[in-house]
Amino acid sequence: MRNFLYATEFLEPTISSFTSEQALNFPATRVLDYMHPKRPHKTTVTSTLQDIVFDFGSSVDIDGVFVNRVNYPQVQFFADDTTAMTGVTPSASVFLYPFAGGNPTVPIDPRVNRRKCLFHFVGLTARYFRYRIPASQTTDDGQAAYSTGAILFTNNLILFAGGHQFPLSMGWPTPSQRTDFPDLGAEFILLGDARYELGFRGSFASTLQETDIQRMMKLSAGDAFLYAENLAPPEQGMLPAPTSDPSKVYLTRFTSDIRPSYLIPEVFDASLDLVEIL
């Protein structure tokens, strides 16, 4: 069996302040547009630290922060109910998956070759949240500028009840164009980024998983759905053990509406098909 975390609702902060080194046409407000992470915020330098301060309007619970499509490895977090924020240190009392010393790290997901991470907090409540990019980091693309695709906050990270034990289909294809030649050779031209795709289908127990499925059914095809693969702590006897790899988290959308089919009142069938939002 496999566990996963998911979120269907997301916080909508405003940006109250940011450092002045914004690249022209790449403003800090772009990080709020989590449906379009390929339209990033960019800075003009990497030699100084870069801050973005989010304001939720009032104190809120912050279960998780999904950092998507960045070109730098380290971040820092600060949070409080006033703008004089204290650091959110990577400790077991705050981070579900603490990092070993130093700044929290945004790892590269080897499947899609993008740097992203879900930071799952425990007991974090604040009105203001400062996202800091420390100075003098080496960027993945060699540019003298930091690039941030999206920063997404949620206060409803949910453990899918009981895990799921039905077949999964999973892939991360790269769009390509094939040209065939008379000598039977062929040429492939890559047309875009690898995109994570997931499908799972099977029978669910009404008393255990109906609430989760009904929560997902409220989403229309195209609405954002955060899927954290195999990250949740395992219930007793569940295998495989969690990977504890916070890069294997994907902001996705359902490709079709979910329509359960009840075999008997206690059991229903459903299919869920997801594709990553790029």
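Just one cavity of 30 Å³ or more turns up in this predicted model. The space inside the largest cavity comes to about 50 Å³. Its lining is made up of Phe-18, Thr-19, Glu-21, Gln-22, His-41, Thr-43, Gln-50, Asp-51, Ile-52, Tyr-131 and Ile-133. Two elements, E4 and strand E10 (125-133), each put two or more residues into the lining of the largest cavity, and E4 is the top contributor with three. Sorted by class, the lining of the largest cavity holds five polar, four nonpolar and two charged residues.

Then there is the open space. The largest pocket has a volume of about 270 Å³. It is lined by 14 residues, of which Arg-69, Val-70, Asn-71, Asp-141 and Ser-147 sit closest to the pocket centre. Strand E5 (64-70) and E9 are the elements that supply two or more residues to this lining. Charge features heavily in the breakdown for the largest pocket: seven lining residues are charged, against four nonpolar and three polar.

Arg-69 shows up again among the salt bridges, as part of a network with Lys-38 and Asp-193. In general, side chains of opposite charge can pair when their charged atoms come close. The model has 10 salt bridges in total. In one of them, Lys-38 meets Asp-193 with an N to O distance of 3.6 Å. Lys-38 belongs to the loop between strand E2 (14-18) and strand E3 (41-42), while Asp-193 belongs to the loop between strand E15 (186-190) and strand E16 (197-205), so this pair ties together parts of the chain that lie 155 residues apart in sequence. Neither partner is buried: Lys-38 has a relative accessible area of 47% and is therefore partly exposed, and Asp-193, at 25%, is also classed as partly exposed.

Two other salt bridges are a different story as far as exposure goes, with buried residues at both ends. Glu-229 pairs with Arg-111, their closest N and O atoms being 2.8 Å apart. This one also links distant parts of the chain, as Glu-229 is in strand E17 (residues 224-229) and Arg-111 is in the loop between strand E8 (108-109) and strand E9 (114-120), 118 residues apart. Glu-229 and Arg-111 are both buried. In the other pair, Lys-116 bridges to Asp-109, with 2.9 Å between the closest N and O atoms. Lys-116 and Asp-109 are likewise both buried.

Away from the charged pairs, Thr-46 is worth a look. This residue is found in the loop between E3 and strand E4 (50-61). Thr-46 has a relative accessibility of 16%, under the 20% cut-off, so it counts as buried. Leaving aside residues up to four places away in sequence, Thr-46 touches Ala-135, Ser-136, Gln-137, Thr-139, Gln-143, Ala-144, Ala-145 and Tyr-146.

As for confidence, the mean pLDDT of the protein is 83, with 85% of the residues at 70 or more. One stretch to handle with care is residues 232-242, where pLDDT stays under 50. The model does give this stretch 26 contacts beyond four places in sequence. Still, where pLDDT is low, the predicted coordinates should not be read in detail.

Key:
Residues numbered from 1 in each chain as written. Predicted model: local features only at pLDDT ≥ 70, side-chain atom pairs only at ≥ 80, totals over all residues. Heavy atoms only, no water. pLDDT = per-residue confidence, 0-100. Contact = heavy atoms within 4.5 Å. Salt bridge = Lys/Arg side-chain N within 4 Å of Asp/Glu carboxyl O. Helix = DSSP H or I, 4+ residues; strand = E, 2+ residues; numbered from the N terminus. Buried < 20%, exposed > 50% of the residue type's maximum accessible area, 1.4 Å probe, protein only. 1 Å grid on protein atoms, 1.4 Å probe; cavity = no way out; pocket = protein on both sides within 12 Å on 5 of 7 lines; lining within 4 Å. Points joined across faces, edges and corners; volume = space filled by probe spheres on them. Nonpolar A, V, L, I, M, F, W, Y, C, P; charged D, E, K, R; others polar.
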